[in-house]
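Please take a moment with the sequence and the structure shown here, and then follow the explanation below.

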Amino acid sequence: MIKYDGYDEAILGPAYIWRDQTTVSVLVYDAEKIREILMRDGMSHEDAREFIEFNIEGGYLGIETPVVVWPNDIWDEE
C-alpha cells in the first residue's frame, strides 16, 4: 500500500477497492484531517483545500493510490 508522508493521523484505515480490473488494498485518508495538518503548518483554509484537491486528489501514483474522502465537507466553515 502507498502511504502519504506526514499524514498518518489522517488515516481512516485500509480498504479493498476495484481498480484497473482487479481488487487492490489501499489506504483511506480523511481529507478534513489532512486539511487540519496543513493549516497547522501555516496554510489558510482555502489554500489547504486547494492543495488537497490539486496535489493529492489529482495525483495518480499507480494502482495502489490511496483514497481521500471528505466525511463532513466543511468548505464554508473555518
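**From one residue to the whole chain**

A convenient place to enter this predicted model is Val68, which touches Tyr4, Tyr29, Ala31, Ile52, Ile56 and Glu57 when residues up to four places away in sequence are not counted. Val68 also belongs to the largest nonpolar core, a group of 14 residues in which Tyr7, Tyr29, Ile34, Ile52, Ile56 and Val68 touch the most other members. The elements that give two or more residues to this core are β2, α1, which covers residues 31–40, and α2, which covers residues 45–57. Among these contributors, α1 gives the most, with four residues. As a general background, nonpolar side chains in soluble globular proteins tend to be buried together.

With the core in mind, the order of the elements can be followed along the chain. The protein chain contains two helices and three strands, and, read along the sequence, these elements follow the pattern β-β-α-α-β. The radius of gyration is 13 Å, close to the 12 Å that the globule rule gives for 78 residues, so the protein chain is as compact as a globular protein of that length. Taken along the principal axes, the box filled by the C-alpha atoms is roughly 40 × 20 × 20 Å. Among contacts between residues at least 6 apart in sequence, 60% join residues that are at least 24 apart.

The loop between β1, residues 11–19, and β2, residues 22–30, deserves a separate look, and Asp20 lies in it. Most residues other than glycine have a negative phi. Asp20, however, has a positive phi of about 55° although it is not a glycine, and Gln21, which lies in the loop between β1 and β2 as well, has a positive phi near 65°. Are these two loop residues buried or exposed? Asp20 is exposed because its relative accessible area of 53% is over the 50% that marks an exposed residue, and Gln21 likewise counts as exposed, at 72% relative accessibility.

Finally, the view can widen again from the loop to the surface and the charges of the chain. Buried residues make up 35% of the 78 residues in the protein chain, while the accessible surface comes to about 5100 Å², of which 48% belongs to carbon and sulfur atoms. The protein chain carries 6 positive and 18 negative charges, and the mean positions of the positive and the negative charges are 5 Å apart.

Methods: Residues are numbered from 1 along each chain as its sequence is written. This is a predicted model: local features need pLDDT of at least 70, side-chain atom pairs count only at pLDDT 80 or more; totals for chains, interfaces and linings use all residues. Side-chain values use heavy atoms; hydrogens and water are left out. The radius of gyration is taken over C-alpha atoms; the globule rule is 2.2 Å times the number of residues to the power 0.38. Buried means under 20% relative accessible area, exposed over 50%, partly exposed in between (1.4 Å probe, protein chains only). Contact means heavy atoms within 4.5 Å. Accessible areas come from the Shrake-Rupley method with a 1.4 Å probe; for residues, only the protein chains shown count as cover. Lys and Arg count as positive and Asp and Glu as negative; His and the chain ends are not counted. The place of a charge is taken as NZ of Lys, CZ of Arg, CG of Asp or CD of Glu. A nonpolar core is a set of buried Ala, Val, Leu, Ile, Met, Phe, Trp, Tyr and Cys residues joined through side-chain atoms within 4.5 Å.
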